[in-house]
Amino acid sequence: MLPPVPKPEDYGVSPQTGFLPSTLPLQCLPHPVYDRWERIINNFQSLLLSKRLRTVVDKLPIIPAVHLETEPEWRRAYSILGFLANGYIWGGDKPAERLPPAITYPFLQVCEHLELPPVPTYAGLVLWNYKPIFLRDALILDNLSTLTTFTGSTDEQWFYLVSAAMEAKGGPSIPIMLKAIEAARDNDPDTVTACLQAFAQTIDEIGTLLLRMYENCDPHVFYHRIRPFLAGSKNMTDAGLPRGVLYDDGTKNARYRQYGGGSNAQSSMIQFFDVVLGIEHRPTGAKMNESSESEAEPGVAPKPRHNFIHEMRQYMPGPHRRFLQAVENVANIREFVELNRSNRTLCVAYDACLAMLRSLRDKHIQMVSRYIIVKSRESRSKSRSRADHEDVSSTTGRGLASIRYKTGAGEKPRTKRGTGGTALIPFLKQARDETGEPAIDDWARTLLMGGRRTEADTEIAYQSRLTAQELDAEEPAIVGLAGSWDMEDAGGGLCAY
C-alpha cells in the first residue's frame, strides 16, 4: 500500500506561505523575563559598532527558556540568540573562542525544542526574521522589512528579504505539486500537466526575484561588512578558532563545537523543488553512472564523498526536514512522465520545470561569482600589494619573520575555506547540471546538459582562468552562505550567498 501524500500543515508548512510561518514572526517576546534580551537586540548595531556587546552579554544572568510557550516565541528566541551568539563571537578585534552561559544555556534549550543547531541558520536569519510593512498587503519584496540585522544596513536587510520574498512566492507551489503527485497516482496526465505548467511559471518568477538582489545589496558591503557576522565555527583555524567554539553552558559538559554558517542550501523550498521533480544530487565530484562502492577494489575503502546538499538538511527545522523526507517517499512525477513519453504536452511541461530551475541556478552562480569570487580576488590583490610593500621595506631590518608572515614565503598558499564543506563553483555548477539530467525529450536533454553555453558558463570559465594559479589543488575551496575568512583581508569575513 502506498504511503499517504503528506499534508503540509502536519509539518509546520503553510499551503499559502510555504516554509515561512503561517503566522507572522513575533517582534518581541511577551514574557518580561526576556526584556534583557530584547533591550540588547534593540541596541544591537550600536553595541557591535562600539565593541561593547561582549561586555554587556558577560553581565547577563542565565535566563532559561522555561517561559517560552508558543512556537512563535520559540522561533523569536532562536533568532535573537543566534544574532547574539554570532555578534559575540565575531564582534571584536579577534573572534571569541568561548560562548558564555548567558547565551549558551538558553540557546541549547531552544535548539533542542526546534531541532536546530545552535548557530544562525537560514531559518533564524530569513524565515523567522521579517515583518510586512503594511499588514493588509501581500508578502512581496516591496512590502517586507527585517526584524534584526548585524549591521543595520539596507544591504543586509535586502539580502535577507530577497530570500524571504522568494519563499513567499514559492509557497503556493507546494500544494500544487502535492496535487500533481496525487494526480499521477490516479493516472490523470491532464492534471499533472497543468500543475507542472503552473510550477514552471512560479520557478521563473522566483528567478526574477533573485535578480533583484543587485538593486540594494552592494557586493563590497556584502563581502566586507555582512559576511563576517554570518560565519560558522567549522574550518575556522585560520580565523583563530582551530577547535571551533566552546559552548559554555555552565556545566561540566561544556564542549567545543563546530557548525557551518548560514547557506541558501538550508532553504527547504529549493530542496522541495528538487525532490518533487526527481532531481538527484550526488556528492561533489561524483559522476553520473559512476561505479558503485560494491565494485570498488577489494580491501580498499572507497574515497569518502561529501554530499553538501543532504548535510544542509541538518540545519533546517525538524518538521521541515521530515516534510522533505515524507515527500521523497511519495515523489512520482519523474517516473510518471517517463511512463507517458508519448504525451508531448506533459513532457514539455516537465522539461520546462527543469529548464526554469536550471536557469535559477545559473543566476545563482553568476551572483556568487560577483559577490564572492570577484570580491575575494580584489582582497587578495590588495593583500599582495601590501606584501610587496613589506618586501621592499624588509631590508631595513624588519626581519625574516615579518617577511614570512606577509608574503607566506616557503609556505603553501592559503586555501579559500568556508563553512559549507564543498568546492564553491564546482558544487554550484554540478548542482545546476544535475538539474537537467532527468529531461525527457532528447532536445531538452541536449539543451539542459550543456548543449547551450550560458552566461554563467562564460563567467565560470573566466573566473577559472583567473584563479587557476591561485587555488591549491590538494585543498579545494569550501562553500557556504559563507566563503572564507582571512585575517589579512580588509574587513575579513565569511559568507557566500
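Helices here are DSSP runs of H or I with at least four residues, and they are numbered from the N terminus. The model is a predicted one, and Ala-349 sits in its helix H16. That helix covers residues 344-393. Ala-349 counts as buried, since its relative accessibility is 5% and the cut-off for buried is under 20%. Setting aside neighbours within four places in sequence, Ala-349 is in contact with Thr-193, Leu-196 and Gln-197. There is also a link to Ala-200: the two C-alpha atoms are 7.5 Å apart, although 149 residues separate Ala-349 and Ala-200 along the chain.

Two other residues are worth picking out here. His-364 belongs to H16 as well, and an unreviewed UniProt entry lists His-364 under "binding site". That annotation may be inferred rather than shown by experiment. With a relative accessible area of 18%, His-364 falls on the buried side, because buried means under 20%. Cys-353 goes further down the scale, being buried with a relative accessible area of 0%.

Leu-196, one of the contacts of Ala-349, turns up again in the nonpolar core. The largest such core has 123 residues, and Leu-196, Phe-272, Leu-277 and Ile-333 have the most contacts inside it. H16 supplies the largest share of this core, with 13 residues.

Phe-272 and Leu-277 bring helix H12 into the picture, as both are among the buried residues of H12. H12 runs over 268-277. All of H12 is tucked away: 10 of its 10 residues are buried, so the helix is largely enclosed by the rest of the structure. The buried set is not purely hydrocarbon either, as Ser-268, Gln-271 and Asp-274 are included alongside residues such as Met-269, Ile-270 and Phe-273. Leaving out residues up to four places away in sequence, Phe-272 touches Phe-19, Ser-173, Ile-174, Met-177, Phe-323, Leu-324 and Val-327. After H12 comes Gly-278, which has a positive phi, near 75 degrees.

On the other side of H12 in sequence is Gln-266, in the loop between E5 and H12. Gln-266 is buried, at a relative accessible area of 2%. Its side chain still finds a polar partner: the side chain of Gln-266 reaches the backbone nitrogen of Tyr-122 at 2.9 Å. Beyond residues up to four places away in sequence, Gln-266 touches Thr-121, Tyr-122, Gly-261, Met-312, Tyr-315 and Met-316.

Turning to charges, side chains of opposite charge can pair when their charged atoms come close. The search over the whole structure gives 13 salt bridges. One of them joins the side chains of Asp-248 and Arg-98, with an N to O distance of 2.9 Å. This pair ties together distant parts of the chain, 150 residues apart, with Asp-248 in the loop between strand E4 (245-247) and strand E5 (255-257) and Arg-98 in strand E1 (residues 98-99). The two ends do not share a setting: Asp-248 counts as buried at 15% relative accessibility, whereas Arg-98 counts as partly exposed at 35%.

Arg-212 is a busier case. Its side chain meets that of Asp-142 in a salt bridge at 3.0 Å, N to O. The pair again links distant parts of the chain, 70 residues apart: Arg-212 is in the loop between helix H9 (189-211) and helix H10 (213-216), and Asp-142 is in the loop between strand E2 (130-132) and strand E3 (144-146). Arg-212 also meets Glu-215 in a salt bridge, this time at 2.8 Å, N to O. Arg-212 is partly exposed, with a relative accessible area of 21%, and Glu-215 is partly exposed too, at 46%. Asp-142 counts as exposed, at 53%. Elsewhere, Glu-115, Arg-321 and Arg-322 are linked in a network of salt bridges.

The cysteines tell a plainer story. A disulfide is a covalent bond between the sulfur atoms of two cysteines, and the search of the whole structure finds 0 of them. For Cys-353 the closest cysteine sulfur is in Cys-195, 9.9 Å away, which is too far for a bond, because a disulfide needs the sulfur atoms within 2.5 Å. Cys-217 is buried as well, with a relative accessibility of 1%.

Definitions and conventions:
Residues are numbered from 1 along each chain as its sequence is written. This is a predicted model: local features need pLDDT of at least 70, side-chain atom pairs count only at pLDDT 80 or more; totals for chains, interfaces and linings use all residues. Side-chain values use heavy atoms; hydrogens and water are left out. Helices (H or I, at least four residues) and strands (E, at least two) are DSSP runs, numbered from the N terminus. Buried means under 20% relative accessible area, exposed over 50%, partly exposed in between (1.4 Å probe, protein chains only). A nonpolar core is a set of buried Ala, Val, Leu, Ile, Met, Phe, Trp, Tyr and Cys residues joined through side-chain atoms within 4.5 Å. Contact means heavy atoms within 4.5 Å. A salt bridge is a side-chain nitrogen of Lys or Arg within 4 Å of a carboxyl oxygen of Asp or Glu. A polar contact is a pair of N or O atoms within 3.5 Å; within protein, one must be able to donate a hydrogen and the other to accept it, and residues adjacent in sequence count only if both atoms are side-chain atoms.
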